[in-house]
Amino acid sequence: MFAAKKRFSGLLLMLAIIMILTACNSGTGSGTTEPTAAGSESTTASTETNNDSSGATRIYKSLSGDVEIPAEPKRIVTDMYVSDLLALGIKPVGAVQYYLENPFYADQVEGIESIGDRAAVSMEKVIAMNPDLIITYSDQASEIESYQKIAPTVVIPYGTFTNVHDEIRGFGELMNKSEEAEAWLKTYDERIEAARAKVKTVIKPEETFSILEVSDKSYYGYGDNFGRGGQAVYSALQLAPLEITKKELMGDTQWKEISREVVGDYAGDHIFLTVGENNKNYQGDSIWQSLPAVKNNQVYELLEDRYWYFDPIAIQGQAEEFADMIVERAQQNRK
């Protein structure tokens, strides 16, 4: 009889474990992903697949495969894609601290909690936020797997989108807010066109623009899809790059180190120069001082904390700021 009771107790214990495991596995996202090269586009489509008491869901076709997500997610956690959600009128419940410090939407992040910094996301904080959807750019399989254990997870690798229009429309599809996406883009286009028109009043079509960053021993050059204002300069304002920039920095490779001796090869008529607090008002060496852009007072310093950002809201703001910088400098140089 004791043995029978023991077997019966064992069966009850096994049944309890199965019920717990079933509950824990419900709502988990699917698949891991590998990073893609800049310029890759995601395939997005959604179909409602579940409309039971737990809430409607749909299938999102991501680069890493189909993911079942809530039809109307209410508690979204993201690492990088704060701007895209805000543009659609959605406020996530949590995001990485670095992106919450973006000055171009600082007035819109009140109430969004930090989940840690870029290299140190706290899974404990993410769990505590009880998200029903996670959107990440991570290419780390272990991190993605951790997210998937918490909530349905959509992976959108860095470089998936190469322009603002594709990015906002992509998120419009993901969030089932295509109308809001088109409305935001209409305003964006109007503001960017106004900025372009402003620049055209003082810049000739043949004048070239470079994006450089100064370091202790060298410079870095940047293309049109790696922050430092590249999207705003070349895509939004449509300012002309050097041929060497187009050849070396506007494909899969978006940045390179440049020695001080050959910086002139990468210096256009105008230079947007990213600097830190330790090298503001940069004077450089004799080679730097010999550059036409320096001699003609056409170097525009960009503080790194403001211009490293590359999201749609930042690109819009940077384009307008760059247009004002160019016009103001042209007026100064005429005096």
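What volume does the second largest pocket have? The second largest pocket comes to about 220 Å³, where a volume is the space filled by probe spheres set on grid points, and the points are joined across faces, edges and corners. The model examined here is predicted, so local features need pLDDT of at least 70 and side-chain atom pairs count only at pLDDT 80 or more, while totals for chains, interfaces and linings use all residues. Residues are numbered from 1 along each chain as its sequence is written, and side-chain values use heavy atoms, with hydrogens and water left out.

Pockets and cavities were sought on a 1 Å grid over the protein atoms alone: a cavity is a set of points where a 1.4 Å probe fits but cannot get out, a pocket is an open set with protein on both sides within 12 Å along at least five of seven lines, and lining residues have an atom within 4 Å of a point. The second largest pocket is lined by Tyr-98, Tyr-99, Arg-118, Tyr-158, Phe-226, Arg-228, Trp-308 and Phe-310. By class, this lining holds six nonpolar, no polar and two charged residues; Ala, Val, Leu, Ile, Met, Phe, Trp, Tyr, Cys and Pro count as nonpolar, Asp, Glu, Lys and Arg as charged, and the others, Gly among them, as polar. Turning to enclosed space, there is one cavity of 30 Å³ or more, and the largest cavity holds about 220 Å³. Its lining consists of 19 residues, with Met-80, Tyr-158, Phe-161, Glu-167 and Phe-310 nearest the centre. Ten of the lining residues of the largest cavity are nonpolar, six are polar and three are charged.

Aromatic residues offer a further view of the model. Across the whole structure, 17 aromatic pairs are found, a pair being rings of Phe, Tyr and Trp (its six-membered ring) with centres within 6.5 Å, stacked if the planes are under 30 degrees apart, edge-to-face if over 60 and tilted for the rest. Tyr-98 and Tyr-99 form an edge-to-face pair, because their ring centres are 5.0 Å apart and their planes stand at 85 degrees. Tyr-98 counts as buried at 12% relative accessibility, and Tyr-99 is likewise buried at 6% (buried means under 20% relative accessible area, exposed over 50%, and partly exposed in between, with a 1.4 Å probe and protein chains only). Trp-184 and Tyr-188, in turn, make a stacked pair, 5.4 Å from centre to centre with 20 degrees between the planes. Both residues belong to helix H7 (residues 178-200), where they are four residues apart, about one turn of the helix; helices (H or I, at least four residues) and strands (E, at least two) are DSSP runs, numbered from the N terminus. Trp-184 and Tyr-188 are both buried. Elsewhere, ring pairs join Phe-104, Phe-209, Phe-272, Tyr-300, Tyr-307 and Phe-322 in a cluster.

Charges also meet rings. The charged end of Arg-118 sits over the ring of Tyr-98 at 3.7 Å from its centre, the criterion being NZ of Lys or CZ of Arg within 6 Å of the ring centre and within 35 degrees of the ring normal. Arg-260 lies over the face of Tyr-219, 5.1 Å from the ring centre.

Helix H6 (residues 164-174) has Val-164, Glu-167, Ile-168, Gly-170, Phe-171, Gly-172 and Leu-174 as its buried residues. At its N-terminal end, Asn-163 acts as a cap, with a side-chain oxygen 3.1 Å from the backbone nitrogen of His-165. Asn-176, which follows H6, has a positive phi near 60 degrees.

Polar contacts (a pair of N or O atoms within 3.5 Å; within protein, one must be able to donate a hydrogen and the other to accept it, and residues adjacent in sequence count only if both atoms are side-chain atoms) involve several further side chains. Thr-57, in strand E2 (residues 57-62), is buried at 12% relative accessible area, and its side chain contacts that of Glu-68 at 2.7 Å. Asp-66 belongs to strand E3 (residues 65-70) and is partly exposed at 41%; its side chain makes a polar contact of 3.5 Å with that of Lys-61. Asn-225, in the loop between strand E12 (218-222) and helix H8 (230-236), is buried at 9%, and a 3.4 Å polar contact links its side chain to that of Gln-231.
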